[in-house]
Amino acid sequence: MNSLMEISQRMKEINRGAPWFGTSLEEILSSISYEQALFIPEGGDKHIAHYLSHLVQWRLFCLDKMLRGIVGNIQLDTQEDWPLLTPSSPHEWGKLQTTYIELTDKLIDSIHGFDEDRLMETVPGKDYLFGWLLKGIIDHDLYHFGQISLLSRLATAASKNRGKH
């Protein structure tokens, strides 16, 4: 299996398939209610929708670099990196989930259409290679998937505890 196939397979598996470590993000997201998506635990500063909008930003970044060669960058730890997108309804929460899934599919399709030799090219405006970027987006996803999964469990526990009082 070539590197591009491996990257796309891994991205598909962790987002939409059956990853070896458990549940895909799509499955986790499908079980998160609108109320849970906005839950912030005591001492926390982000909710699930915030993490998901952050992941959307980085998919757009990757697609811009791969398909359009855009030189611009996301300034880390800014509104651009962490847009505070708070859905105002269950419908908007669903739209955010759909946007994430559609952009993931577009990214996977773009990886399929990418030339293997380009993995060794420098990303426009950066000092790293496309291979590093594409493998890094998977690491980034996994990091935030863990946070989303944990927040989902905390939100579920908090709603059960509210029901006991």
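User: How is the expected span of a helix defined?

Analyst: The expected span is 1.5 Å times one less than the number of residues in the helix. In this predicted model, helix α4 covers residues 48-68 and has 21 residues. From its first C-alpha to its last, α4 reaches 30 Å, close to the 30 Å expected.

User: What makes α4 largely enclosed by the rest of the structure?

Analyst: A residue is buried when its relative accessible area is under 20%. In α4, 16 of the 21 residues meet that description, so the helix is largely enclosed.

User: Which residue follows α4, and what is its phi?

Analyst: G69 follows α4, with a positive phi near 65°.

User: Why is Q97 called buried?

Analyst: The relative accessibility of Q97 is 14%, and the cut-off for buried is under 20%; Q97 therefore counts as buried. Q97 is found in helix α5, residues 90-112. Leaving aside neighbours within four places in sequence, Q97 is in contact with L29, S30, I32 and L52.

User: Why is the pair of Y128 and W132 called tilted?

Analyst: Two rings pair if their centres lie within 6.5 Å, and those of Y128 and W132 are 4.8 Å apart. Planes under 30 degrees apart would be stacked and over 60 edge-to-face. The angle here is 50°, so the pair is tilted. The structure holds five aromatic pairs.

User: Are Y128 and W132 buried or exposed?

Analyst: Y128 has 16% relative accessibility, under the 20% limit, so Y128 counts as buried. W132 has a relative accessible area of 59%, and exposed means over 50%, so W132 is exposed.

User: What makes the charged end of K46 sit over the ring of W82?

Analyst: For a lysine, NZ must be within 6 Å of the ring centre and within 35 degrees of the ring normal. The charged end of K46 is 4.7 Å from the centre of the W82 ring, which satisfies the distance limit, and K46 is placed over that ring.

User: How many helices and strands are there in the protein?

Analyst: There are six helices and zero strands. Along the sequence the pattern reads α-α-α-α-α-α.

User: Why is the protein called as compact as a globular protein of its length?

Analyst: Its radius of gyration is 17 Å, and the globule rule gives 15 Å for 165 residues; the two are close, so the protein is as compact as a globular protein of that length. Along the principal axes, its C-alpha atoms fill a box of roughly 60 × 35 × 25 Å. Buried residues make up 43% of the 165.

Definitions and conventions: Residues numbered from 1 in each chain as written. Predicted model: local features only at pLDDT ≥ 70, side-chain atom pairs only at ≥ 80, totals over all residues. Heavy atoms only, no water. Phe/Tyr/Trp six-rings, centres within 6.5 Å; stacked < 30°, edge-to-face > 60°. Buried < 20%, exposed > 50% of the residue type's maximum accessible area, 1.4 Å probe, protein only. Helix = DSSP H or I, 4+ residues; strand = E, 2+ residues; numbered from the N terminus. Rg over C-alpha atoms; globule rule 2.2 N^0.38 Å. Contact = heavy atoms within 4.5 Å.
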